[in-house]
Amino acid sequence: MDPRNQTSIFEFILLGLSEKPEMDTLLFALFFCMYVVTVVGNLLIILVISSDSHLHTPMYFFLANLSLVDFGLATNTVPKMLVNIQTKSKSISYLCCLTQMYFFHFFGIVDSVLIAVMAYDRFVAICHPLHYSTIMSPRLCGLLAGGPWVFSYFISLTHILLMARLVFCGDKVPHYFCDLTPLLRLSCTDTSVNRIFVLIVAGMVIATPFICILASYARIIVAIMKVPSAGGRKKAFSTCSSHLSVVALFYGTTIGVYLCPSSVRTAVKEKASAVMYTAVTPMLNPFIYSLRNKDLKGALRKLIYRKITPSS
């Protein structure tokens, strides 16, 4: 593009999920309810796990971290969209846009790596049950949980620094939050470095964890099939079913957005996928992990009983 046509952008216009004003009321009600359920569900899981000493195990430690990440991922995107719908204002400042993008990638990367860590935890629990407590020591659990946060900090910061050097010639973002791909399309300077970095990061934080999850569950399935009793196999599979549901929800959408060729992606598909991993998945995760988990449900009942029963 002709450099004379380049302009400094001080704010962007988020076009949202729909450009039809008559849809605003429905979208506001739907996403407000989803966000409330997300906040209550994930914070409740964190509270239950932290308050019950029987749940102070590696599996629930990682689950509490995942709930915190899901809360952050939803809070970074949904409230801003709700405010825009309510105020009829779709603008977001350049600085706020970069900040939102930073936290979106920060929580998204931690989410992806944590799901892989949880698969490794299930692998050790099922394939090496006698050595589980030795392998999953507090030190290793701390590294496996804290590592993704540190790693994500530097990767997300690099994304923002690369984005900050670009000049934008358009301000209309066909999305409901500031994401990399839509913003790169608005740039009138060379984005090849950004796009190469996106592919490298996608390989590291999406493809690699997904391959590790597949490898873990391949070993888990082999180990489960060696269990002699049908009851034992069913119990082992049930401990993994919740996590597999989360894997399917999260990676099914992120792979489509960040690893599929741009020629097959459209703004509508990108927004639909984003809704899945920024709103739907964080909302469903507490239900997925708690509905079939007797320990979590029991701890929740005890917590509620303590709150409603006056102390003597």
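Two strands pair if DSSP finds at least two bridges between them. Strands (E, at least two residues) and helices (H or I, at least four) are DSSP runs, numbered from the N terminus. The model on screen is predicted: local features need pLDDT of at least 70, side-chain atom pairs count only at pLDDT 80 or more, and totals for chains, interfaces and linings use all residues. Residues are numbered from 1 along each chain as its sequence is written, and side-chain values use heavy atoms, with hydrogens and water left out.

**Stop 1: the sheet**

Select residues 11-14, which form strand E1, then add residues 91-93 for strand E2. E1 and E2 pair in the antiparallel sense, over three bridges. Within that pairing, phenylalanine 12 of E1 stands opposite isoleucine 92 of E2.

Now add residues 172-173, strand E3. E3 runs parallel to E1, and two bridges join them. Leucine 14 has valine 173 in E3 as its bridge partner.

With the three strands displayed, the order reads E2-E1-E3, in an open sheet with mixed pairing. E2 and E3 are at the edges and have a single partner strand each, so one side of each is left without a neighbour in the sheet.

Show the side chains of E1 next. Phe12 and Leu14 are on its covered face, while Glu11 and Ile13 are on the uncovered one.

**Stop 2: the salt bridges**

For this stop, a salt bridge is a side-chain nitrogen of Lys or Arg within 4 Å of a carboxyl oxygen of Asp or Glu. By this rule there are three salt bridges. Burial is given as relative accessible area: buried means under 20%, exposed over 50%, and partly exposed in between (1.4 Å probe, protein chains only).

Select lysine 88 and aspartate 24, whose side chains form a salt bridge with an N to O distance of 3.6 Å. Lysine 88 lies in the loop between helix H2 (58-87) and E2, and aspartate 24 in helix H1 (residues 24-51), so the pair ties together parts that are 64 residues apart in sequence. Aspartate 24 is buried, at 15% relative accessible area, whereas lysine 88 is exposed, at 62% relative accessibility.

Stay on lysine 88 and check its backbone. Its phi is near 60 degrees, a positive value in a residue other than glycine. Most residues other than glycine have a negative phi.

Move to aspartate 121 and arginine 122, whose side chains meet in a salt bridge of 2.9 Å, N to O. Aspartate 121 is buried, with a relative accessible area of 2%. Arginine 122 also counts as buried, at 10% relative accessibility.

Then select arginine 185 and glutamate 270, a salt bridge of 2.7 Å, N to O. Arginine 185 belongs to helix H6 (residues 180-186) and glutamate 270 to helix H9 (residues 267-291), so the pair ties together parts that are 85 residues apart in sequence. Glutamate 270 is buried at 4% relative accessibility, and arginine 185 is partly exposed at 41%.

**Stop 3: a buried serine**

Select serine 156 in helix H5 (residues 138-164). Serine 156 counts as buried, at 0% relative accessibility. Add phenylalanine 106 and draw a C-alpha to C-alpha distance: 5.5 Å in space, for two residues 50 apart in sequence.

**Stop 4: surface patches**

Switch to a surface view. Accessible areas come from the Shrake-Rupley method with a 1.4 Å probe; for residues, only the protein chains shown count as cover. Patches are made of residues with over 30% relative accessible area and no salt bridge, with like charges joined within 9 Å and nonpolar side chains (Val, Leu, Ile, Met, Phe, Trp, Tyr) within 5 Å. Lys and Arg count as positive and Asp and Glu as negative, while His and the chain ends are not counted. The place of a charge is taken as NZ of Lys, CZ of Arg, CG of Asp or CD of Glu.

Select Phe32, Val36, Val40, Leu44 and Leu47, which make a nonpolar surface patch of about 400 Å². Leucine 44, one of these residues, is found in helix H1. Leucine 44 is partly exposed, with 32% relative accessible area.

Finish with Lys235, Lys294, Lys297 and Arg301, which form a positive surface patch. Helix H10 (residues 294-308) supplies the largest share of this patch, three residues. Lysine 235 lies in helix H8 (residues 230-258), and counts as exposed at 61% relative accessibility.
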